[in-house]
Structure formats: C-alpha cells, structure tokens
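This report goes through one protein model, from its confidence values to its strands and loops. The sequence and structure come next.

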Amino acid sequence: MAQETTPPLVAQEATQTTNDLSGALTLLGTFGSQTNLQALLKLRGGTIATVSRGDLVNGQTVVAIEDGRVALARNGTAHWLEMPAPTS
C-alpha cells in the first residue's frame, strides 16, 4: 500500500538546507513490506537515494533495514543509522 502524504518530519529533512558536514547520511524513512523493506537516505550534498539490503552507499553496504533504522557496514564493522528524533 502506497503512502499518500509525506510525513512532516520526512519532508522537513528532505528539504532542509544545511552546512553541517559532520554526518554524511540522514535516514529520512523506511518503507515497504516486512520482507522487502527499503530506506530513503539523504546523502551529503542533498542527494536523495532509495536503498535496499545489499546496496552500497558512500562506501558502506546496507546490511539490514528495520522500521526506522538501517544497518550499514564497512570493513567488517557495522553501525545503525536511525531516523532523527522529532523536534517540537
């Protein structure tokens, strides 16, 4: 089932202008069926990419996607990239 509207936080993160170069990736969201989850990432420079398990992003391999987080690995070391906390 397709999502009809973009959640406000996702829209804000996808369109936010920033000079912060400390983080090369921002997780904007995860979507799809439980057996075929994909993730929407904002790359350094503002490019938006849709990724699946096994894809290579900035020299890191997507090794897992769960609701609201993505596991990335490089040289045998993995870490979780999680969605930014909502601001109020």
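Over which residues does pLDDT stay under 50? The stretch is residues 17-22, for which the model has 2 contacts beyond four places in sequence. Here pLDDT is the predictor's confidence in each residue, from 0 to 100, and contact means heavy atoms within 4.5 Å. For the protein chain, the mean pLDDT is 83, and 75% of its residues reach 70 or more.

This is a predicted model, in which local features need pLDDT of at least 70, side-chain atom pairs count only at pLDDT 80 or more, and totals for chains, interfaces and linings use all residues. Residues are numbered from 1 along each chain as its sequence is written, and side-chain values use heavy atoms, with hydrogens and water left out.

**The sheet**

Strands (E, at least two residues) are DSSP runs, numbered from the N terminus. An open sheet of 3 strands has the order 1-2-3 with antiparallel pairing; two strands pair if DSSP finds at least two bridges between them. Strand 1 (25-31) and strand 3 are the edge strands, each pairing on one side only. On average, neighbouring strands of this sheet are turned by 25° against each other, direction ignored. The angle is taken between axes, which are lines fitted to C-alpha atoms; angles run from 0 to 180 degrees between N-to-C directions.

Strand 1 is joined to strand 2 in the antiparallel sense over 6 bridges, and leucine 25 has leucine 43 in strand 2 as its bridge partner. Strand 2 (residues 38-43) also runs antiparallel to strand 3, with 4 bridges between them. Leucine 41 stands opposite alanine 49 in strand 3. The hairpin of strand 2 and strand 3 has 4 residues between the strands, and glycine 45 in this hairpin takes a positive phi near 95°.

Side chains alternate along strand 3 (residues 48-51): Ala49 and Val51 point to one face and are buried, while Ile48 and Thr50 point to the other and are not. Buried means under 20% relative accessible area, exposed over 50%, and partly exposed in between (1.4 Å probe, protein chains only).

**Two loop asparagines**

Positive phi values also occur in two residues that are not glycine.

| Residue | Phi | Loop between | Relative accessible area |
|---|---|---|---|
| Asparagine 58 | near 50° | strand 4 (56-57) and strand 5 (60-66) | 40% |
| Asparagine 75 | about 50° | strand 6 (69-74) and strand 7 (77-82) | 77% |

Asparagine 58 counts as partly exposed because its relative accessibility is 40%. Asparagine 75, at 77%, is exposed.
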